[in-house]
Amino acid sequence: MAKIKLTKSAVDAAAPQDRDYELRDTTVPGFLLKVTPTGRKIFMLQYQTNAGVRRKPSIGKFGELTVEQARKIAQDWLAEVRQGKDPSTEKSAARAAPTMKELCNQFIEDYSKLHNKPRTVEGNELNIKNHIVPRLGTLKAHEVTRADVSAMMTAMADRPIIANRTLACLRKMFNLAEVWGYRPDGSNPCRHVQKYAEKGSTRFITDAEMRKIYAYLDRAEREGLEHPFIILAIRLQFEFAGRMSEVLSLEWDWIDLDQRKVTWPDSKTGGMIKPLSGEAHSLLAAAPRFEDSPFVCPSIFNPSKPMTDNTYHKGWRRILERAGVPHVGTHGIRHRAATDIANSGVPVKVGMALTAHKTVAMFMRYIHTEDNPVRLAADAVAARRRLVVNPAAAIAEQAPHAEEPPRAETPSQVEEIAIPAAPPAAQPATAAQAAGFEDGKYTSRTKAGNYRPFRHRSGNNRAVPPGTQRAQGEEAQA
């Protein structure tokens with residue numbers, strides 16, 4: 001094994017032989033050139049890790065790298081070895097790192113199918129197939145940058161909701177990539193990538209619309225205008241403040257009429273228990289039931305299965321039309337029920353138990369502010385302000401109209417407060433006054449071609465400000 005200073009001339013002069021041989025550099029320890037019988041010339045570095053393991057990874061081929069470039073890489077690798085790293089292992093790991101397409105498959109099989117609901121798994125698979133793989137599939141998992149993710153979001157600007165769901169899926173995927181060792185900790189490229197604003201919102205069902213809906217439900221029940229199971233499902237969704245899926249999947253075995261509670265073994269947020277209100281108890285006690293069907297609201301044509309989403313959606317849309325109520329999705333029922341819970345005055349924690357929300361923030365998203373309560377609150381605030389500013393007048397407004405003057409509830413509200421005299425009735429302004437001219441005095445903000453600050457003006461509309469030298473002079477003269 002010859003030792004020489006590796007230079008371009010020395011490498012060019014190295015001729016192939018019957019077997020591999022090496023030329024070691026005298027400048028950088030471990031840096032060498034391997035020459036194969038076929039004439040390939042490969043730069044390599046031999047070193048020993050801190051754990052005592054001997055490594056000899058290749059740096060690159062001569063021609064692709066110059067001698068000086070290879071020597072610089074060898075020096076950098078030796079510096080990493082001194083720091084306790086192993087460049088050979090890192091290089092092998094980078095070569096064996098999965099592509100984004102492989103990471104997506106692992107995400108679906110090892111995480112999503114084990115931890116997500118079937119609908120979430122289906123949504124993840126669609127987002128991966130339609131958006132992630134076509135744009136990022138060929139990249140290595142550790143090579144994806146924030147710019148790549150941002151470019152993907154920009155390309156989906158015309159579909160903001162789908163873009164946001166894709167970003168959420170991708171963010172979780174990269175979090176798992178860090179757990180699985182494919183990316184360094186804290187390197188998620190989805191961080192700081194802005195989501196799009198989602199303008200869609202659920203319309204609130206007003207009190208007047210509620211009266212129309214329930215009036216039609218009562219009539220439809222009496223006259224047989226709608227299928228009984230559709231009416232029952234709508235009434236139960238209002239009573240449970242539940243999701244459509246919770247009502248349609250409800251089984252008789254989950255209902256305890258004696259203990260007045262319903263236990264869902266699984267839902268969007270996991271297992272849950274809800275109490276039965278008196279109305280819900282009456283509905284379930286009087287509900288029709290197929291002996292061979294486990295569902296409270298079975299399919300109309302196949303009682304062995306739950307009512308389909310399509311049947312429920314169409315039934316709800318038809319009921320709204322016949323009741324004369326503008327369209328609102330079935331999730332509007334849950335929003336209205338959650339708002340009723342919040343307006344009933346129960347604690348937030350109790351309201352969350354009734355709606356089965358996990359966080360206060362999500363619970364509050366379902367609470368709609370009605371116009372009438374807000375208007376009443378504004379009037380109450382204004383009345384309180386009048387009571388502070390002018391107690392006698394405020395109490396007089398609140399007192400019932402009677403011959404005798406109203407009395408204050410507490411004497412302290414009116415004593416020691418001077419009630420100012422009513423201002424004199426305003427006289428109609430002349431044309432000269434309206435134009436700002438009267439005896440050369442400024443009676444308005446400006447005079448044609450001549451502006452003076454308000455503090456320097458005089459006139460009927462400008463009294464002497466208290467505390468000024470003018471006021472003190474007038475007081476001295478008086």
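His192 is exposed, with a relative accessible area of 59%. In this predicted model, His192 turns up in the loop between α7 (160-179) and α8. Its backbone is worth a glance too: phi of His192 is near 70°, a positive value in a residue other than glycine. Arg260 shows a positive phi as well, near 55°, and again the residue is not glycine. Arg260 sits in the loop between β8 (255-256) and β9. With a relative accessible area of 38%, Arg260 is partly exposed.

Stepping back to the whole chain, there are 478 residues, and 35% of them count as buried. The secondary structure adds up to 19 helices and twelve strands. As for contacts with a separation of 6 or more, 50% of them join residues 24 or more positions apart. The accessible surface of the chain comes to about 29,400 Å², and carbon and sulfur atoms account for 53% of that.

Now for the inside. The largest nonpolar core has 42 residues, and Ile234, Leu236, Phe240, Leu250, Val296 and Trp316 are the ones with the most contacts inside it. Several elements give two or more residues to this core: α8 (207-223), α9 (228-240), α10 (244-248), β9 (261-264), α11 (278-285) and α12 (309-323). The largest share, nine residues, comes from α9. There is also a second, separate core, this one of 25 residues, with Cys104, Met153, Met156 and Ala163 among them.

Trp316 is a handy place to look at the packing in detail. Once neighbours within four places in sequence are set aside, Trp316 is in contact with Ile205, Ile213, Ile234, Phe238, Val328, Gly329, Thr330 and Ile333. One of these partners, Ile213, belongs to helix α8. Ile213 has a relative accessible area of 0%, so it counts as buried. Not counting residues up to four places away in sequence, Ile213 touches Ile205, Trp316, Leu320, Ala323 and Val325. Ile205 therefore shows up in the contact lists of both Trp316 and Ile213, by the contact cut-off of heavy atoms within 4.5 Å. Ile213 can also be paired with Gly324: the two are 111 residues apart in sequence, yet their C-alpha atoms are 8.3 Å apart in space.

Back on the outside, Val348, Val360 and Met364 form a nonpolar patch on the surface, and together they have about 240 Å² of accessible area. Val348 lies in helix α14 (residues 348-355). The relative accessibility of Val348 is 38%, so this residue counts as partly exposed.

Finally, a word on confidence. The mean pLDDT of the protein chain is 83, and 84% of its residues reach 70 or more. Two stretches call for some care. Over residues 406-426 the pLDDT stays under 50, and the model has 16 contacts for this stretch beyond four places in sequence. Residues 431-437 also have a pLDDT below 50, with eleven contacts in the model beyond near neighbours in sequence. Where pLDDT is low, the predicted coordinates should not be read in detail.

Notes
Residues are numbered from 1 along each chain as its sequence is written. This is a predicted model: local features need pLDDT of at least 70, side-chain atom pairs count only at pLDDT 80 or more; totals for chains, interfaces and linings use all residues. Side-chain values use heavy atoms; hydrogens and water are left out. A nonpolar core is a set of buried Ala, Val, Leu, Ile, Met, Phe, Trp, Tyr and Cys residues joined through side-chain atoms within 4.5 Å. Buried means under 20% relative accessible area, exposed over 50%, partly exposed in between (1.4 Å probe, protein chains only). Helices (H or I, at least four residues) and strands (E, at least two) are DSSP runs, numbered from the N terminus. pLDDT is the predictor's confidence in each residue, from 0 to 100. Patches are made of residues with over 30% relative accessible area and no salt bridge: like charges are joined within 9 Å, nonpolar side chains (Val, Leu, Ile, Met, Phe, Trp, Tyr) within 5 Å. Accessible areas come from the Shrake-Rupley method with a 1.4 Å probe; for residues, only the protein chains shown count as cover. A salt bridge is a side-chain nitrogen of Lys or Arg within 4 Å of a carboxyl oxygen of Asp or Glu.
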